[in-house]
Every structure is written in structure tokens, then in C-alpha cells.
Amino acid sequence: VDRQGGRIRGVEGYPVGQTDFGKEIKSITGLLTPVEKGSEENRKPIVDFGALFIPDSSTVVSMIAPQLAFYDVIGVHLLGTNIWNSPDLLKKEVEYFEGAVFTDCFFLNSPRPDVRTFIDRFYAAWGREPDNVEALAYDATDMLVKLIAGGTMVTREDLRDGISRIENYPGRTGMTSFSEGRDARKPLHILMVVDSEIMQVRQ
């Protein structure tokens, strides 16, 4: 955010298992600030931020989003992580997520033929569509199988070095390479909720 010239207006945390987020919403919108007696009823939230990043599950954000509307926190872009990329996000009160943006390396509606084939085969085997963890597991297993099948992997160190040399592996989760620090590098899909559906904005 800082690098792109943005400003972080505030940060609020909450414990695991919480269901009422009124206090946190009031805190970031100035509704907890003391005011003159008798003026509480007409108070309006101070929405001086354009986006709200909530790095939590679709289950939790499905509780937070309606509460934001309850406190008149509207016109704010909701931003999330790849764990928002779930059909559960759109199961109820989807209107609160219109325009929400998040990223993921796997997208169920991808037009890529290899991704479509993977999804179809997974559905035939398990009776449901795969999620991003299962797509990542498929890619990781395929990488290992191909390395081992090459016949040059004798020790664990050989396998480690072989993985580190992988460049542009054409996975179901995108072209994958590894950095010197052994972190996976792959393109991310920019996803958005549009007309109650998760759509790809760009990759």
C-alpha cells in the first residue's frame, strides 16, 4: 500500500470465533469517539477509506459484510485473500460482496484447456469441483513425479536441488518457478464479484 502511494487509515483485530463485529466497525469509523450528550442518535460513521482488507475466511466475512451495511459503512471496496475464492462466499447475502476483489492462483472458470480437463476429471472422480489446495497438491505431486521419473534423483538433496531448478512449470495453478529462497513464484488471478458471480478481472 505504501509503495503504491496509498495510506492505511487504521487496523482492527478480533479473536477467533467472534461473531459480532460492531465494536471493531465503530472503532474504524469513529463511532466510539465520545460526543456531546444527546447527539448519539444522529451520529454517522466517518468512512474516510476507500477499501477494507479482511484476511479471513468466507464464513467470517459473510458475517462482517452485513454488519458493515448495518452501521452505514457503504461504498467501500472489500478486499480479501484466496480463501474468499469459494462458492460459500456467494451462498447468502451476496449483495454485500458486489465489487469485492481478491486473488488466487486457481480459478474454476478458467478458459485454459488443461484447467478445464483437470476440473472435469476431478469432478468425475469425487463428485465435486476442486478447490485451490487440491489444485496446488496436484501440481506439487506432478512436479515430484516428473523429477523422480527422470532417473537422476538419488538423494533428498538431489530432489531439493531439482525442485529449486524448476522454471515455468505449466501447472493448473499457473506457470510456476522457484526463487533462491525456495518460494514458489506464479501469476495470480485478480478476481471480482460481479452480478453475484466470481469473475476474473485479469491475470
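User: Which residue forms a salt bridge with aspartate 142, with the closest N and O atoms 3.2 Å apart?

Analyst: In this predicted model, a salt bridge requires a side-chain nitrogen of Lys or Arg within 4 Å of a carboxyl oxygen of Asp or Glu, and the closest N and O atoms of the pair in question are 3.2 Å apart. The two partners are 4 residues apart in helix H4 (residues 132-149), so they are separated by about one helical turn. The partner of aspartate 142 is lysine 146.

User: Is lysine 146 buried or exposed?

Analyst: The two ends of this salt bridge can be set side by side, beginning with aspartate 142, which is buried with a relative accessible area of 17%. For lysine 146 the relative accessible area is 52%, and the cut-off for the upper class is over 50%. Lysine 146 is therefore exposed.

User: What is the distance between the closest N and O atoms in the salt bridge of aspartate 88 with lysine 91?

Analyst: The count for the model comes to 6 salt bridges, and the pairing of aspartate 88 with lysine 91 is one of them. Aspartate 88 counts as partly exposed at 36% relative accessibility, while lysine 91 counts as exposed at 64%. The closest N and O atoms of aspartate 88 and lysine 91 lie apart by 3.0 Å.

User: Which residue meets arginine 160 in a salt bridge?

Analyst: Arginine 160 counts as partly exposed, at 38% relative accessibility. Its partner's side chain meets that of arginine 160 at 3.2 Å, N to O, and this partner is partly exposed as well, with a relative accessible area of 29%. The residue asked for is aspartate 161.

User: What is the geometry of the aromatic pair of phenylalanine 106 and phenylalanine 118?

Analyst: A search of the whole structure finds 8 aromatic pairs. In the pair of phenylalanine 106 and phenylalanine 118, the ring centres are 6.1 Å apart and the planes stand at 80 degrees. Phenylalanine 106 lies in the loop between strand E3 (101-104) and helix H3 (113-126), and phenylalanine 118 in helix H3, so the pair ties together parts that are 12 residues apart in sequence. Because planes over 60 degrees apart fall in that class, the pair is edge-to-face.

User: Which residue forms a tilted aromatic pair with phenylalanine 122?

Analyst: The two rings are 6.4 Å from centre to centre, with 40 degrees between their planes. Both residues lie in helix H3, 4 residues apart, about one turn of the helix. Phenylalanine 122 is buried at 12% relative accessible area, whereas its partner counts as exposed at 63%. That partner is tryptophan 126.

User: What distance separates the end C-alpha atoms of helix H2?

Analyst: Helix H2 (residues 58-70) has 13 residues, which at 1.5 Å a residue should span 18 Å. Its buried residues include Val60, Val61, Ile64 and Leu68, and what covers the buried residues of H2 includes helix H1 (22-28), strand E1 (51-53) and strand E2 (77-79). The distance between the end C-alpha atoms agrees with the expected span, at 19 Å.

User: Which residues form a nonpolar patch on the surface, with about 340 Å² of accessible area together?

Analyst: One member, valine 11, is found in the segment before H1. Valine 11 counts as exposed at 69% relative accessibility, and a residue needs over 30% to belong to a patch. The patch is made of Val1, Ile8 and Val11.

Notes
Residues numbered from 1 in each chain as written. Predicted model: local features only at pLDDT ≥ 70, side-chain atom pairs only at ≥ 80, totals over all residues. Heavy atoms only, no water. Phe/Tyr/Trp six-rings, centres within 6.5 Å; stacked < 30°, edge-to-face > 60°. Helix = DSSP H or I, 4+ residues; strand = E, 2+ residues; numbered from the N terminus. Buried < 20%, exposed > 50% of the residue type's maximum accessible area, 1.4 Å probe, protein only. Expected span 1.5 Å × (residues − 1). Contact = heavy atoms within 4.5 Å. Patch = residues over 30% accessible without salt bridge, like charges linked within 9 Å, V, L, I, M, F, W, Y side chains within 5 Å. Areas by Shrake-Rupley, 256 points an atom, 1.4 Å probe, with all protein chains shown as cover.
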